[in-house]
Amino acid sequence: MKNILPWILAAVFLFLALYFYWQKNEAESRLSIADSQVAEIDQELEEQTAAVDSLEEMVLPPDTMNLVPPGGAAFVDELGSLSQADIQRLKRKGLKNPETDLMNDLSRKQEALLPTKGVLGGTMAIRDTRILNDRYALAYYEDGHIGGYMLLKYEVKDGKINWTVMDSSPL
C-alpha cells in the first residue's frame, strides 16, 4: 500500500499536467483566432479611413466652395453683349449704366424669380447672367445640387426694372 500511494500521486500529477497543457494549447488557439479577426477588422478600418480621408480631401467647406457651372452651362463670351443701340435705348429709359443696373437689379430680385428652392441645405442663387438685348436676359441658377436656366424678359420704365420669367429649364 505504501508503494501504491506514490504511484497514485504521480498519476494524478501527470493527469493534471496533461489537462493544463491541453487547456493552454486550447487558449492559445482561441487567442490566435481572435488576433487574426482583430487584424482583419483593423485592415478594414484602415481601408475605410483611407476612403473617407480621400473623400474629405475632395470636399471643401461650404464657405470656401467655388461653384463651377457644369460644362454645358458656360455661356459663350459673345452672348450677352449689349449693342450700342441697346445701351442707348436703355439709357433713354432711365438707366445710367444699363448692363450694371440690370445685373444689380436682377441680383436683388432673384429670390422672387427663381423657379425652385435649394435642396439639401443649398442656397439657390443665380450664378451667371447674360443680358441678351434691350428686352431679354439669360440666367444660370443652382444651389450646388440642382440647377437650370431661365429666360427672363425685362421692362424698363423711368429707370425702374420689372422682371418676368419667360421660361425655365432645370438641368
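1. Let's start with burial: of the 171 residues of the protein, 23% count as buried. Keep in mind that this is a predicted model. Among contacts with a separation of 6 or more, 46% are between residues 24 or more positions apart.

2. The overall layout is easy to follow. There are three helices and four strands, and from the N terminus on they come in the order α-α-α-β-β-β-β.

3. Next, the largest nonpolar core. It has 20 residues, and the ones touching the most other members are Leu102, Tyr154 and Trp163. At least two residues of this core come from each of helix 2 (84-92), helix 3 (98-113), strand 1 (125-131), strand 2 (136-142), strand 3 (147-157) and strand 4 (160-170). Strand 3 gives the largest share, with four residues.

4. Trp163 deserves a look of its own. Setting aside neighbours within four places in sequence, Trp163 is in contact with Leu102, Asp105, Leu106, Lys109, Leu113, Ile131, Ala137, Leu152, Lys153 and Tyr154. So you'll find both of the other top core members, Leu102 and Tyr154, on that list.5. What aromatic pairs are there? The structure holds three of them. In one, the rings of Tyr19 and Phe20 have centres 5.7 Å apart and planes at 65 degrees, so this pair is edge-to-face. Tyr19 counts as partly exposed because its relative accessibility is 38%, while Phe20, at 52%, counts as exposed. In another pair, the rings of Tyr154 and Trp163 have centres 5.2 Å apart and planes at 45 degrees, so that one is tilted. Both Tyr154 and Trp163 are buried.

6. Helix 2 has two faces worth comparing. Its buried residues are Asp86, Ile87 and Leu90. They sit on the same side of helix 2 because they cover an arc of only 100 degrees around the axis. As general background, an α-helix has 3.6 residues a turn, so residues three or four places apart point the same way. The face of helix 2 turned away from the buried side carries the exposed residues Gln84 and Arg92.

7. What do the buried residues of helix 2 pack against? They pack against helix 3 and strand 3. After helix 2 comes Gly94, which has a positive phi, near 115 degrees.

8. On to the strands. Strand 2 and strand 3 pair in the antiparallel sense, over seven bridges. As an example to find in the model, Ala139 has Met150 in strand 3 as its bridge partner. These two strands form a hairpin with four residues between them, and in its turn Gly144 has a positive phi of about 100 degrees.

9. Strand 3 also pairs with strand 4. The two run antiparallel and are joined by 10 bridges. Here Val156 stands opposite Ile161 in strand 4. This is a hairpin too, with two residues between the strands.

10. Which residue in that second hairpin takes a positive phi near 55 degrees? It is Asp158, which is not a glycine. Asp158 lies in the loop between strand 3 and strand 4. With a relative accessible area of 73%, Asp158 is exposed. If you want to check backbone angles by eye, Gly94, Gly144 and Asp158 are the places mentioned in this note.

11. One more residue to pick out is Gln110, in helix 3. Is Gln110 buried or exposed? Its relative accessibility is 17%, so Gln110 counts as buried; the cut-off for that is under 20%. Leaving out neighbours within four places in sequence, Gln110 is in contact with Ala125 and Ile126. A polar atom of the Gln110 side chain lies 3.5 Å from the backbone oxygen of Ser107.

12. Finally, how far is Gln110 from Trp163 in sequence and in space? They are 53 residues apart along the chain, and their C-alpha atoms are 9.4 Å apart. Trp163 does not need to be looked up afresh here: it is the buried partner of Tyr154 in the tilted ring pair.

Note on methods. Residues are numbered from 1 along each chain as its sequence is written. This is a predicted model: local features need pLDDT of at least 70, side-chain atom pairs count only at pLDDT 80 or more; totals for chains, interfaces and linings use all residues. Side-chain values use heavy atoms; hydrogens and water are left out. Rings of Phe, Tyr and Trp (its six-membered ring) pair if their centres lie within 6.5 Å; planes under 30 degrees apart count as stacked, over 60 as edge-to-face and the rest as tilted. Buried means under 20% relative accessible area, exposed over 50%, partly exposed in between (1.4 Å probe, protein chains only). A nonpolar core is a set of buried Ala, Val, Leu, Ile, Met, Phe, Trp, Tyr and Cys residues joined through side-chain atoms within 4.5 Å. Contact means heavy atoms within 4.5 Å. The arc is that of the directions from the helix axis to the C-beta atoms. Two strands pair if DSSP finds at least two bridges between them. A polar contact is a pair of N or O atoms within 3.5 Å; within protein, one must be able to donate a hydrogen and the other to accept it, and residues adjacent in sequence count only if both atoms are side-chain atoms.
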